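Student: I would like a close look at one part of this model, a single helix and the packing around it. Please take it slowly and define the terms as you go.

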Amino acid sequence: MIILSAEKCGGIALANEDTDLKHTPLYSYYQGNNVKLMDFGSWALPIQFSGLSDEHKVVREHVGLFDVSHMGEIKVSGKCATRWLNKLITNDVSKIDVNQAVYTLVTNEDGGILDDIIIFKMSESEYLLTPNASRTAKIWQWLNEHKEEDVDLKDFSAAIGLIAIQGPKAKDVVAEVFGKEALDIKNYHFLPDVSTAEFSDVLLSRTGYTGEDGYECYVKWDETEALWKTFLAVGEAYNIKECGLGARDTLRLEAGMPLYGHDLTEDVTPLEAGLRFAVKWDKPEPFIGQKALEDQKETGTTYLSRGFEVLGRGIAREGHLVFNNDDEEIGVVTSGTQSPTLGKSIGFMRIKKAGIKLGDTVKIQIRKNKVEAKVTKKNFLKN
């Protein structure tokens, strides 16, 4: 097995096989099948199996399987869990039902985004938080720094594997494996403790990161490989394919979903990121960073996140500079790719909003040329 190293999906360089990387529960499976792995945020993970475009297309048309076991899992429990958690997040977990999930942000005192996470409400006094892999240690530290006496925290990241099965045929595969009750799970809802003859205590969630229907399966670490193989066997009739993180990135970009460390950082606020929907201002107690965000809402933001479509030749990538039509530098590309579905270069950019509106054109520095691009919303798929 070859392990590759790359800071991002591009710029691949060979690395020693004994590179000190973290392993998901599918690592032995990858070894046995000679799957090429890359250094992805200190994790050994596949960027692709059969090819990025092929994997992207199968998720849009059929069903694809992703290993996302590098994500974190932290449980928050206690009689004051709801009140305490609401002081640390922008959304409001008191407004969702048991067995419902919610997308939210964790912000610092200045309103900067520490992470974007999904929270699962297991009961009125217990929640499961899923921080991004690169932010799990930071969120764990943040939670403990603000911990109160009646709250219990446990990090289960090393005990739980996570498989995402995505695409229009995902529901058919999941229903064959876990039963037809899986079809009744609504979007952003879940079933806890789903068990079969082979698997026990699976959290089956109707969530995903591709813009397609699908599920995420939180499974015991040592049962992850068996579930992966079961999905592949059952999914063969539905044209299932294994998919890497390369396709996951192009899929989420087409769907208008941000990626932490690229589109979201501690220097970006929810208002600048276009994530106001995840901020609830009227909770009984203010959350950390609320005052800073209220001030920003009052005065207005200098920067904002917008989508773009390149009108000329070339692919805009992260870090490429953005200019207005007077050749003044106004921002930077935070994510960019060639869209397999649309056949054009698309992405997100962080730009000064003064004088720029949807439908306007800007220029993106692609190698030696400034290429024209149209400012758009980030709903490229319009699903």
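Tutor: What follows is a walk through one helix, the core it belongs to, and its surroundings.

This is a predicted model, in which local features need pLDDT of at least 70 and side-chain atom pairs count only at pLDDT 80 or more, while totals for chains, interfaces and linings use all residues. Residues are numbered from 1 along each chain as its sequence is written, and side-chain values use heavy atoms, with hydrogens and water left out.

The part in question is α5 (170–178). Helices (H or I, at least four residues) and strands (E, at least two) are DSSP runs, numbered from the N terminus. The buried residues of α5 are A170, V173, V174, A175, V177 and F178; buried means under 20% relative accessible area, exposed over 50%, and partly exposed in between, with a 1.4 Å probe and protein chains only. The cover over these buried residues includes β11, β12 (190–194), β13, β14 and α6.

V174 shows this packing at the level of one residue. Setting aside neighbours within four places in sequence, V174 is in contact with I165, G179, A182, L204, Y215 and F231, where contact means heavy atoms within 4.5 Å. One of these partners, G179, comes just after α5 and takes a positive phi of about 100°.

The wider setting is the largest nonpolar core, which has 30 residues. A nonpolar core is a set of buried Ala, Val, Leu, Ile, Met, Phe, Trp, Tyr and Cys residues joined through side-chain atoms within 4.5 Å. Those touching the most other members are I165, V174, F178, L204, Y215, L227 and F231. Two or more residues each come from α1 (27–32), β11 (160–166), α5, β13 (202–205), β14 (214–220) and α6 (224–235). The largest share, five residues, is from α5. Another core, of 28 residues, lies apart from this one, and includes F66, V68, L203 and V268. In soluble globular proteins, nonpolar side chains tend to be buried together.

Two loop residues give a view beyond the helix. H70 sits in the loop between β5 (64–67) and β6 (74–77) and counts as buried because its relative accessibility is 8%. Beyond four places in sequence, H70 is in contact with T24, F40, W43, L45, A133 and L245. K280, in the loop between α7 (245–254) and α8 (290–299), is partly exposed, at 29% relative accessible area. Not counting residues up to four places away in sequence, K280 touches T90, N91, D92 and F287.
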